Amino acid sequence: MINAYILTIMRPGQTDRAIKEMRKLGNIEKISVVAGEYDIVIRVRVKSLGNLLKVTDKIQLIDGVKKTTTQVIEKELAL
Amino acid sequence: MKIRRKYLFYILAFTSAIIAAGVAAIDAVISSVYIPNSLAFSFSCFLVGTLISLLILLIFSIPIKGKSLGSKIIDPSFKRLRLVRKEEIKYHIPAGIGNAILTIGYLSLLSIFGDPSTVLPFSQIVILYLVLIESITEKNIPTLSEIQSSVIVTFGAMLGSISLTGIINLESLAIVFLVINPAWVMFSIYQRKLKMMKIDKHPNDALNIRFWNVIFACLFTAIVVFIYDFIMGTSHILGGITASIEHFGWVALTMGVTFFSYVFYIRALGIGKASVTQAVRASTFLFAIPFSLMLSYFNIIPPFSTDPIMILIKMISTILVILGIVSFALTLIKAYVFINTKPGYPIEEIMQKLWEIGGVTRVTATAGYYDFIVKIRTRTLVKGYEKIIRKLDEIEAIKEYKWESVLKEWENI
């Protein structure tokens, strides 16, 4: 399995509706609305890089999403 | 379905608390009417509990459209009943000992008191033990708000422990402080460790954890009761077996319901800290009050006092517990830190340094624009600055970092 973070920058005023759309998508583990350079941090879990591309595509097609940056997780330590 | 992690946590912890209150009422009936001997009752509980838990797990293992019934309605991590893994045994042993001892202590307390709403609050003092232990084991020093909330819940629970009949029993306090609470701490900490484990690269499931805990607890209860019988020349082991046969229906009922209470509790433990889960579960004694009134109505426990002072004390305790729980819920701050590092420093070394920072719950090395993404959990922003930012500044390998506070979060359950 491949885990990744997709860091999203939104156009103003469209975050709420975009989150509703994101919550309907599969392969999404967590959606965090954040304050800072980015607006939404999405954690995804997919079977292959091909599937990661599909999920990223779906996110980019959501109204209000201005830019995404994908960070593929190589190693992780967690509580 | 994606719901907010916080909501899921409170749903699980409160559901567990409500079921636990019902269990306490059933236990009160069994203890006062059918099996008054607490040692025999404890052994009987785990003996029948093993059978009932096995039956429940077999039912939940039934596959429906590619997924097991248990994964659909109880815990998405559950696949089927499985054998205990070698790596789990080191946690199941202390969790089983903890459960065995706390059950014996709890049933002894119930046999002294009778009223479940009076028995349950005492054990909530365990929150203070947990806050202390977590500060050592999870590199998470308790904040002032955590201590305040714990103290509020504890005092609320202690006030609530004063029986509506107006009786305070000092013998029961000794059982709570010396037997139940230390055992409960051991039980909670190791159940949480089990829940945080990965089995075949998937999160461990609450159903198998509970089933194997009952088996280990049954084994340790048998040992404790056997030693007691050997020293005192009694025959509680035999009494437990006889009680299991004669009152199978009642014991099966209490252990069947207990199974679900603990499964929800274990799931909650996998989301929140043990102390916070315990704080929410402290509400059990509030839910136990209507059950106590019902038991009193049927003359199973003594009738309640209508003294306004006693009722006022119960109301104050209720408000304190709720206030403490709400205070816990509203004081958690989460953040992501995106980090870029300088070339020439080993990834593993940087990861370890980040991991050692208090409040860091997740460190991920990533491929992309950033080299690391770190997840932070802290009670206050001041603590976030003092304990985390200062530590990040000390790591030479870090070129730059960005702090992004989490405002709201949804999680796949």
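In strand 3 of chain A, which residue is the bridge partner of Ala4(A)? In this predicted model, the partner is Val44(A). The pairing belongs to a sheet in chain A that also reaches chain B, and the strands are described in turn below.

Chain A contains two helices and four strands. Read from the N terminus, its elements follow the order β-α-β-β-α-β. The chain has 79 residues, and 34% of them count as buried. Contacts in chain A between residues at least 6 apart in sequence were also examined. Of these, 65% join residues at least 24 apart.

Strand 3 of chain A spans residues 40–46. This strand is mostly covered, with five of its seven residues buried. Strand 3 pairs with strand 1 of chain A through seven bridges, in the antiparallel sense. Strand 3 is also joined to strand 2 of chain A, residues 28–35, by five bridges. These two strands run antiparallel as well. Within that pairing, Lys30(A) has Arg43(A) of strand 3 as its bridge partner. Strands 2 and 3 of chain A form a hairpin, and four residues lie between them. Gly36(A) sits in the turn and has a positive phi of about 155°.

Strand 1 of chain A covers residues 2–10 and is joined to strand 4 of chain A by seven bridges. The two run antiparallel. Ala4(A) stands opposite Val72(A) of strand 4. Ala4(A) thus has a partner in strand 3, Val44(A), and another in strand 4, Val72(A).

Strand 4 of chain A, residues 65–78, carries the pairing across to chain B. Six bridges link this strand to strand 7 of chain B, in the antiparallel sense. Val72(A) stands opposite Ala367(B). Its sequence neighbour Ile73(A) stands opposite Thr366(B). Val72(A) therefore faces a residue of chain A, Ala4(A), and a residue of chain B, Ala367(B), under the bridge criterion for paired strands.

The contact between the chains draws 25 residues from chain A and 28 residues from chain B. On the side of chain B that touches chain A, three elements give two or more residues: helix 15 (347–355), strand 7 (360–367) and strand 9 (398–412). Strand 9 of chain B gives the most, with 11 residues. By class, this side of chain B has 14 nonpolar, six polar and eight charged residues.

A helix pair within chain B was also examined. Helix 2 of chain B, residues 38–60, packs against helix 10 of chain B, residues 236–246. The angle is about 55°, and the axes lie 8 Å apart. The two helices are therefore oblique to each other. Their crossing is right-handed. Helix 2 contributes Leu39(B), Ala40(B), Phe41(B), Phe43(B), Ser44(B), Leu47(B) and Val48(B) to the contact. Helix 10 contributes His236(B), Ile237(B), Gly239(B), Gly240(B), Ile241(B), Ala243(B) and Ser244(B). By class, the contact of helix 2 with helix 10 of chain B has nine nonpolar and five polar residues, and no charged residues.

Conventions:
Residues are numbered from 1 along each chain as its sequence is written. Chains are lettered from A and ligands numbered from 1 in the order in which they are written. This is a predicted model: local features need pLDDT of at least 70, side-chain atom pairs count only at pLDDT 80 or more; totals for chains, interfaces and linings use all residues. Two residues are in contact if their C-beta atoms, placed from the backbone, lie within 7 Å. Ala, Val, Leu, Ile, Met, Phe, Trp, Tyr, Cys and Pro count as nonpolar, Asp, Glu, Lys and Arg as charged, and the others, Gly among them, as polar. Axes are lines fitted to C-alpha atoms, for helices over the stretch in contact, and angles run from 0 to 180 degrees between N-to-C directions. Angles under 35 degrees count as roughly parallel, over 145 as roughly antiparallel, 65 to 115 as roughly perpendicular and the rest as oblique. A crossing is left-handed if the near helix is turned anticlockwise from the far one by less than a right angle, and right-handed if clockwise. A residue is buried if 20 or more other C-beta atoms lie within 10 Å of its own, exposed if 12 or fewer, and partly exposed in between; C-beta atoms are placed from the backbone.
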